[in-house]
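Work through the exercises below with the structure open. Each task is followed by a solution in steps.

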Amino acid sequence: MKRLEEFPNRKQIVVIGGGFAGLSFAKRLLRNRFYEVTLIDKNNFNYFTPLLYQVATGFLEPSNISYPFRKIFRNSKVNFRIGEVTAVDTQRKVVHLGDDQISYDHLIFAAGAKANFFNNQSVLANAISLKGMEDALFMRNELMRTMEKATTEKDPKERLKLLTIVVAGGGPTGVEVAGMLAEMKKFIIKKDYPELAQANGRIYIVDGNSVLLAPMSEKTHQEAYDALYSLGVRIKLNTHVKSYENGIVTFSDGKVIEAGTLIWCAGVTAHIFNGIPQSSLGIGNRMHTDAFSKVIGLEDVYAIGDIAVQYTDSDYLKGHPQLAQPAIQQGKALARNLLRMAKGKKLIPFKYFDRGDMAIIGRNQAVADLFKHKFHLSGFLGLFSWLFIHLISLVNYNNKLKTLYSWIVAYLTKDQALRMIFFSKEKH
């Protein structure tokens, strides 16, 4: 059993997951005198989830939105371990990583969520999801492969099917993916693929709500609809995807569409870990926590971000939204409270400050509802606010500069040059 002893007087904190919540927590403890932190993640890098769709559509490189953990944690009291947690033992205070073990004094779950297919096996087997970097790279390759296949398809009906894409989910990710694909169809496809100049592929977005971007304001609902409609996206509301097999999407209203690609952006569910009792889980398998992010029913175990739900915030009695800002704020709040605990001070209950929601739709339109929807921005101001917030949120200045450069080139040229298909092959 491994236990870091370099600082024997420090309590050991193990953090599972290095997304918004986990990284926000760890960065608050980079140079503290009370704790040593070990962060565990299956990747050796942090990535900026809201821009995954731009990697998936070839507008950004993976390195634009990623940064290695070990470089972030250089010369600090935070250690990094790559691996996947297979189980936890909350009685012995041990985390299992395959055959290895790490003991802890405090355990922090920040492992986020995964795509929720709602037990729809045909969608699970055939749709493309977009929750991690591997998903983004897979989606990029699949889109390019489909385009190449369409160039040699002689049957017009089959070609139309290959070029038809259905995006399931009308939240920010679904709307941004549909808008980006529509921009590609309008400005890029016919230049790169002259064989497809007369092939009119279709892009659909479908959602079970009566509006797009449902949690946002009424102005945003209409502006998002109008922006996608003007880009040629076909919008189906009050409708669910029932199945997707053999290239046929069947909807809850009984209608069908032949489509070569179904992109799933329709919901998430929290990761589950062996050793966490069902009694500690709430809605969507999220770990039920108190106002201080401590998991109900467990000692010295905490949960933050998408994997957690707490019902103690008077403004969010059904739990906080599974977005970046609640995760970041919970990470910072928990780190502050553990420092207060070490100093014998009173803990402060978590209170979420809603800075707002935003989405970009194509290259010229973005919408933002700021400060609990009190301020609405659209058009150039919405676009500028979206670009600014996403740019400053990237981890490193190198990421910021590379992403800004890529955006400027894409905006001025209505193009980008990242449409390469890369294959990875394991050697045996």
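The exercises that follow treat a predicted model.

**Exercise 1. Classify the ring pair of Phe69 and Phe80, and place the two residues in the chain.**

Step 1. The ring centres of Phe69 and Phe80 are 5.0 Å apart, and a pair requires centres within 6.5 Å.
Step 2. The planes of Phe69 and Phe80 meet at 25 degrees, so the pair is stacked; the cut-off for stacking is under 30 degrees.
Step 3. Phe69 belongs to helix α3 (residues 69-72) and Phe80 to strand β5 (residues 78-82), eleven residues apart, so that the pair links distant parts of the chain.
Step 4. Phe69 has 1% relative accessibility and counts as buried. Phe80, at 6%, also counts as buried.
Step 5. Ring pairs join Phe69 and Phe80 with Phe73 in a cluster. In total the structure holds eleven aromatic pairs.

**Exercise 2. Describe the pair of Phe380 and Phe384 and the surface patch that includes these residues.**

Step 1. Phe380 and Phe384 lie 6.4 Å apart, centre to centre, with 25 degrees between their planes, and the pair is stacked.
Step 2. Both are in helix α11 (residues 379-393); because they are four residues apart there, about one helical turn separates them.
Step 3. Phe380 has a relative accessible area of 62% and is exposed.
Step 4. Phe380 and Phe384, with Leu381, Phe388, Ile389 and Ile392, make a nonpolar surface patch of about 630 Å².
Step 5. Ile392 is also found in helix α11. At 45% relative accessibility, Ile392 counts as partly exposed.

**Exercise 3. Compare the end-to-end distance of helix α7 with the expected span, then decide whether the helix is enclosed or open.**

Step 1. Helix α7 runs over residues 172-187 and has 16 residues.
Step 2. At 1.5 Å a residue, the expected span of α7 is 22 Å. The C-alpha atoms at its ends are 22 Å apart, which agrees.
Step 3. Twelve of the 16 residues of α7 are buried, so the rest of the structure largely encloses this helix.
Step 4. Among the buried residues of α7 are Glu176, Glu183 and Phe187.
Step 5. Over the ring of Phe187 sits the charged end of Arg363, 5.9 Å from the ring centre.

**Exercise 4. Repeat the span check for helix α5.**

Step 1. Helix α5 (residues 133-152) has 20 residues, for which 28 Å is expected at 1.5 Å a residue.
Step 2. From first to last C-alpha, α5 reaches 30 Å, close to the expected value.
Step 3. The buried residues of α5 include Asp135, Arg140 and Met144.

**Exercise 5. Two residues other than glycine, Phe118 and Leu213, have positive phi; place each and state whether it is buried or exposed.**

Step 1. Most residues other than glycine have a negative phi.
Step 2. Phe118 has a phi of about 55 degrees and lies in the loop between β10 (113-115) and α4 (121-126).
Step 3. At 52% relative accessibility, Phe118 counts as exposed; the cut-off is over 50%.
Step 4. Leu213 has a phi near 50 degrees and lies in the loop between β13 (203-206) and α9 (218-230).
Step 5. With a relative accessible area of 0%, Leu213 is buried.

**Exercise 6. For the salt bridges of Lys93 with Asp300 and of Lys236 with Asp253, give the N to O distance and the parts of the chain that are linked.**

Step 1. In the bridge between Lys93 and Asp300, the closest N and O atoms are 2.5 Å apart.
Step 2. This pair links distant parts of the chain, 207 residues apart: Lys93 is in the loop between β6 (87-89) and β7 (94-97), and Asp300 is in the loop between β20 (287-289) and β21 (301-303).
Step 3. Lys93 is partly exposed, at 23% relative accessibility.
Step 4. Lys236 and Asp253 meet in a salt bridge of 3.5 Å, N to O.
Step 5. Lys236 is in strand β14 (residues 234-236) and Asp253 in the loop between β16 (248-251) and β17 (256-258), 17 residues apart.
Step 6. Lys236 is buried at 17%, whereas Asp253 is partly exposed at 40%.
Step 7. The structure holds nine salt bridges.

Terms used. Residues numbered from 1 in each chain as written. Predicted model: local features only at pLDDT ≥ 70, side-chain atom pairs only at ≥ 80, totals over all residues. Heavy atoms only, no water. Phe/Tyr/Trp six-rings, centres within 6.5 Å; stacked < 30°, edge-to-face > 60°. Buried < 20%, exposed > 50% of the residue type's maximum accessible area, 1.4 Å probe, protein only. Lys NZ or Arg CZ within 6 Å of the ring centre and 35° of its normal. Patch = residues over 30% accessible without salt bridge, like charges linked within 9 Å, V, L, I, M, F, W, Y side chains within 5 Å. Areas by Shrake-Rupley, 256 points an atom, 1.4 Å probe, with all protein chains shown as cover. Salt bridge = Lys/Arg side-chain N within 4 Å of Asp/Glu carboxyl O. Expected span 1.5 Å × (residues − 1).
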